[in-house]
Amino acid sequence: MSTEPHKPKGERTGPGSVLFLCGRNAIRSPMAELLARQVLPGSIFVASAGVRAGVRDPFVDAVLAESGLSLGERQPRTLEDLEDTYFDLIVTLAPEAHHRALELTRTMAVDVEYWPTLDPSVVEGTREQILTAYRDVRDGLARQIAGRFGAQRAAQNMP
């Protein structure tokens with residue numbers, strides 16, 4: 001576990017690396033990672049992980065495909081699977097992830113933000129009702145990411 005920041009020399013207005021953390025890295029955090037990659041400049045390292053091991057969720061693939069996005073062959077991973085656990089910003093999407101991030105970073109200068117996000121896998125009903133819950137998570141994360149990082153993207157992409 002490295003404690004060295006990923007910041008190049010010079011000033012930076014936002015984080016140089018962002019980790020999205022949830023329970024199993026199967027729904028919320030991989031969606032957030034992919035959506036953030038659409039907004040953030042390529043110079044910002046973006047990753048996601050889970051507190052525990054998870055399995056890929058086909059509803060995630062379905063709602064991302066509706067937006068023209070894909071996780072490709074990416075599979076869920078845990079914090080232990082990451083090569084480096086130092087990030088400038090950790091965005092937690094579930095209570096257990098938030099507690100784990102605070103535990104992990106208590107001796108580090110890392111920003112941790114908690115974005116409470118419903119786990120759509122707990123929704124019951126028809127296929128359409130379940131897909132609606134996944135779409136709500138996708139769209140909610142997209143709004144939060146745009147709100148949090150949108151201005152930074154515009155500033156960093158200006159000549």
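Trainee: How many of the 12 residues of H1 are buried?
Mentor: In this predicted model, H1 is mostly covered. Its buried residues include Arg 28, Met 31, Leu 35 and Val 39. The count of buried residues in H1 is 10 of 12.

Trainee: What should the 12 residues of helix H1 span, and how far apart are its end C-alpha atoms?
Mentor: Helix H1 covers residues 28-39, and the reckoning uses 1.5 Å a residue. That gives an expected span of 16 Å, which agrees with the distance between the end C-alpha atoms, 17 Å.

Trainee: What pattern does the chain follow along the sequence?
Mentor: The chain has 4 helices and 4 strands. Of its 159 residues, 47% count as buried. Read along the sequence, the pattern is β-α-β-α-β-α-β-α.

Trainee: Which element gives the most residues to the largest nonpolar core?
Mentor: This core has 30 residues, and those touching the most other members are Val 18, Phe 20, Met 31, Trp 115, Leu 141, Ile 145 and Phe 149. Two or more residues come from each of strand S1 (17-22), H1, H2, strand S3 (89-92) and helix H4 (127-156). The element that gives the most, with 7 residues, is H4.

Trainee: Which residues does Phe 149 touch, not counting residues up to four places away in sequence?
Mentor: Phe 149 is one of the residues that touch the most other members of the largest nonpolar core. Beyond those sequence neighbours, its contacts are Pro 15, Val 18, Phe 20, Val 39, Leu 40, Leu 89 and Trp 115.

Trainee: Is Val 63 buried or exposed?
Mentor: Val 63 is found in helix H2, residues 58-66. Leaving aside neighbours within four places in sequence, Val 63 is in contact with Met 31, Leu 131, Tyr 134, Arg 135 and Arg 138. Its relative accessible area is 0%, so Val 63 counts as buried.

Trainee: Which residue forms a salt bridge with Arg 135?
Mentor: The closest N and O atoms of this pair are 2.8 Å apart. The pair links distant parts of the chain, helix H4 and helix H2, 69 residues apart. Arg 135 counts as buried because its relative accessibility is 18%, whereas the partner, at 43%, counts as partly exposed. That partner is Glu 66.

Trainee: Which residues are joined with Glu 66 into one network by salt bridges that share partners?
Mentor: Glu 66 also forms a salt bridge with Arg 138, with the closest N and O atoms 3.2 Å apart. Glu 66 lies in helix H2 and Arg 138 in helix H4, so this pair ties together parts that are 72 residues apart in sequence. At 8% relative accessibility, Arg 138 counts as buried. The residues joined with Glu 66 are Glu 128, Arg 135, Arg 138 and Asp 139.

Trainee: How many salt bridges are found in the whole structure?
Mentor: One of them pairs Asp 61 with Arg 56, the closest N and O atoms being 2.7 Å apart. Asp 61 is partly exposed, at 28% relative accessible area, and Arg 56 is partly exposed too, at 22%. A search of the whole structure gives a total of 12.

Trainee: Where does pLDDT stay under 50?
Mentor: The mean pLDDT of the chain is 87, and 86% of its residues reach 70 or more. One stretch under 50 has 19 contacts beyond four places in sequence, and another has 11 such contacts. These stretches are residues 1-12 and residues 152-159.

Conventions
Residues numbered from 1 in each chain as written. Predicted model: local features only at pLDDT ≥ 70, side-chain atom pairs only at ≥ 80, totals over all residues. Heavy atoms only, no water. Buried < 20%, exposed > 50% of the residue type's maximum accessible area, 1.4 Å probe, protein only. Contact = heavy atoms within 4.5 Å. Expected span 1.5 Å × (residues − 1). pLDDT = per-residue confidence, 0-100. Core = buried A, V, L, I, M, F, W, Y, C linked by side-chain atoms within 4.5 Å. Salt bridge = Lys/Arg side-chain N within 4 Å of Asp/Glu carboxyl O.
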